[in-house]
Amino acid sequence: MEKKGLWKNNKGASLIFVIGCIALLSVIGSMLLLVTANNREMKELEKQIQDTFYQAESGSDEMVSALEAIAEGVLEEAFSDMLIQYSAFSGSGEREARISEYFTVALKKKLEAGAASIMSNAVGVTLVAVDFPAGAVEEEMSTDERMTNTLRIKGATFTYRDSKGNESKITTDICIQAAIPDVEGGMNASGGKSNFTDFALITKGDVTMAAATTQTATVDGNVYTGGEIKVDVNATLSLKNADKVLVKKDIVVEKGRIKIDNSGKIASGHGVWADGLKVLERGTLEGTSNFYISDDLTVEENGGRIVLGGENTEYVGFSGNTTGEPSKRSSAITINNAKDITLDFSGLKNLILSGVSYIQDKKWSSGNAIMQGESMAYKDMQAMYLVPGDCLTIGYNPMLKDDYYEDIVKSGLNYPYEVTNPVTGEKESVDFNLDIYLDPVNPYLRRNVVLDGGATEFTYLYLNFINEAAATKYFNDYMATPHGDAIREQIQNLGSSEIKLAQNNYALGNTMEYTGGTLTLQAPNKASGAEVFRLQSTSTAKQRQKALFTSFRLSANGMIEGDWASSDVVAKTVLNEPMVASIPTGWTKTRFGSYEFWTHNGDTTIPNVSMTGIILVNGKATFQGTNGRVKGLVIATDGVSFASETTLTADQEAVEALLLEPEVAKYFRVGTMGEGTHDYLSTEAVEIRFENWQKN
């Protein structure tokens, strides 16, 4: 039988078969490619979700800090409430019950009323919502030996969102537990531990030097001052063996020297806590200690010398990305009108700067500071933050105030600069687009400055950055243009200065080293550890600082009170307010065995002192003798001045022995907020736990 058509041979069938196979393979390949792409997208999505969840987990420390701050504040209020009505209760049991009742009611009310918003503001930028269900806050009283209060927030939900919109929700029960202060042990001189007996000096006012050249005043032990520590004469103030040097304001040194040596007491969180450090003309600051600084380290005028270091020491500028006046909300290092200076941080293990610097004229109103892109800033670099002249329709920047009009700045804020073409060798103009760094609504800020003793007023136009990161990027990009060469030339005005950084540097903005006339710029180091610290610093470090200062505020009438940020808090450690008024005018000196107790009402001079015990001055105390010696504790409500060679040495045994004497104890409430509270109230009195942690 003869085959017809396509069946005459198999050539056509083979072609169709091949085409079919290719089509089938194409479909299979497409499906495999689609599955692979989907798997990749799913894995990427899963990674993003995991990252968001891990961010949520890392925020738990911040949640704890925020809740601790709330609970600590309420516990202080409860303790204060009890003290105000102290004599109305029959014994310590009733007093502790009163604290317990106040604490549970007030904390529950605070948590239900607004804790969610407080926490949302306190935690890092990824937290977008905090929800406490209605009626979620429950209270219970423990039945253990020590009186403890517990509050639970049931079903609290925290929502996190990353930059790509991925959300992660965590639901948990939060347990807040607080130990009620031991009133019996805390208020009686015969029991409990006080938290000031290892201090050598406590004062509400300033600690200053009036001594002659080459003389040294030494404070051997812990120090608290509600004012400044200031040396502005050619003498030396030596602070040593102190794990707590608590300075509410600044440490300032000019001409003379401040030496801080805590080499035997180096531990994280222990050391110098101050608002700021200032080194003026020919001043020297030497420190073998940790430094925890809320504001800036500022170097002004010529010849200043700062050498900080020691094994495992750190310098932490802990304020960053917070609210309030710009120039006060960010920790940095600033060099103003200074040359031939030494800034040697090479002996530090860590240098952490959690903020950037700001330009601030003394005549500008509060909040008018201009953000820069540096965590270590040199004043001669500030010109880079002016709106460039090429962006103006006429004139220069700065300009006479009368020459300014509202549309003087060109829209777009692009300006050209010239670079050399490496091939032709000719100059070429390049546009530098400023818009990517600046606030789109207010791209520049106008500030008026009075010069020539007030005879001439100029207008300065400054770039207004979106945020700190934009300011930092602008600095780096600017320095990469030919304009950066002019800045490097200006750096030579530092003269014979040397600036050496630490072993590990974590800074939000740019920093620099300058040795042998050579400038080395370092970009921000946002290592994970530094980022964690920066986030925690806005609450943890500030709360730690607050807790350290809590027991050492002196009121206007001379009483040591509680938290210096709140005028209505009575104290954990206080001078007994009704008694100080009874100090007779002039000196009263009483001996108890080997120890003495001296009191003086009013300002006084202390000549040729040599004693072991407590000196209490309701006024200013000036040491003006020859080689004065005090072992024990000096308390002066209005400040201490050293006008001669003097040594104050903490003697815990002497102070504790004197506090057992009724005639001494009547001036003090010698207690703390519970047994063992020596350093940080937050880690002793309040405990926060997360339970039933679930990811949604």
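Visitor: Which residues touch the most other members of the largest nonpolar core?

Guide: In this predicted model, they are Tyr315, Phe345, Phe465 and Phe642, out of 107 residues in that core. Helix H5 (residues 468-479) gives the largest share of the core, six residues.

Visitor: What does Tyr315 touch?

Guide: Leaving out residues up to four places away in sequence, Tyr315 touches Leu277, Phe291, Ile293, Leu297, Leu308, Leu348, Asn350, Leu351, Ile352 and Leu353. As for the general pattern, nonpolar side chains tend to be buried together in soluble globular proteins.

Visitor: What makes Tyr315 and Phe345 a tilted pair?

Guide: Their rings are 6.4 Å apart, centre to centre, and the limit for a pair is 6.5 Å. The angle between the planes is 55 degrees. Stacked needs under 30 degrees and edge-to-face needs over 60, so the remaining name, tilted, applies. Tyr315 is in strand S18 (residues 314-317) and Phe345 in strand S20 (residues 342-347), 30 residues apart. Both Tyr315 and Phe345 are buried.

Visitor: Why is the pair of Trp587 and Trp598 called edge-to-face?

Guide: The ring centres are 5.7 Å apart and the planes stand at 75 degrees. Edge-to-face is the name for angles over 60 degrees, so it fits here. The two residues are eleven apart in sequence, Trp587 in strand S37 (residues 586-592) and Trp598 in strand S38 (residues 595-601).

Visitor: How do you know whether Trp587 and Trp598 are buried or partly exposed?

Guide: Trp598 has a relative accessibility of 8%, and buried means under 20%, so Trp598 is buried. Trp587 has 31%. That value lies between 20% and 50%, so Trp587 is partly exposed.

Visitor: What lies over the faces of Trp587 and Trp598?

Guide: Lys589 lies over the face of Trp587, at 5.6 Å from the ring centre. Lys589 also lies over the face of Trp598, at 4.0 Å from that ring centre. The distance limit for a charge over a ring is 6 Å.

Visitor: How many aromatic pairs are there, and which residues form one aromatic cluster?

Guide: The count comes to 15 aromatic pairs. One cluster is formed by Tyr385, Tyr415, Tyr417, Phe432, Tyr437, Phe465, Tyr474 and Tyr478.

Visitor: Why is the contact of Asp250 and Lys278 called a salt bridge?

Guide: The distance from N to O is 3.6 Å. The cut-off is 4 Å, so the pair counts. Asp250 is in strand S11 (residues 244-253) and Lys278 in strand S13 (residues 271-279), so parts 28 residues apart in sequence are tied together. Asp250 is buried at 10% relative accessibility, whereas Lys278 is partly exposed at 34%. The structure holds ten salt bridges.

Visitor: What makes Lys401 and Glu457 a salt bridge?

Guide: Their N to O distance is 3.7 Å, which is within 4 Å. Lys401 is in the loop between strand S25 (399-400) and strand S26 (414-420), and Glu457 is in strand S29 (residues 456-463), 56 residues apart. Lys401, at 36% relative accessibility, is partly exposed. Glu457 is partly exposed at 31%.

Visitor: Which residues are joined into one network by salt bridges that share partners?

Guide: They are Arg257, Glu286 and Arg305. Within this network, Arg257 and Glu286 meet at 3.2 Å, N to O. Arg257 is in strand S12 (residues 257-261) and Glu286 in strand S14 (residues 284-288), 29 residues apart. Arg257 has a relative accessible area of 29%, so Arg257 is partly exposed.

Key: Residues are numbered from 1 along each chain as its sequence is written. This is a predicted model: local features need pLDDT of at least 70, side-chain atom pairs count only at pLDDT 80 or more; totals for chains, interfaces and linings use all residues. Side-chain values use heavy atoms; hydrogens and water are left out. A salt bridge is a side-chain nitrogen of Lys or Arg within 4 Å of a carboxyl oxygen of Asp or Glu. Helices (H or I, at least four residues) and strands (E, at least two) are DSSP runs, numbered from the N terminus. Buried means under 20% relative accessible area, exposed over 50%, partly exposed in between (1.4 Å probe, protein chains only). A nonpolar core is a set of buried Ala, Val, Leu, Ile, Met, Phe, Trp, Tyr and Cys residues joined through side-chain atoms within 4.5 Å. Contact means heavy atoms within 4.5 Å. Rings of Phe, Tyr and Trp (its six-membered ring) pair if their centres lie within 6.5 Å; planes under 30 degrees apart count as stacked, over 60 as edge-to-face and the rest as tilted. A charge sits over a ring if NZ of Lys or CZ of Arg is within 6 Å of the ring centre and within 35 degrees of the ring normal.
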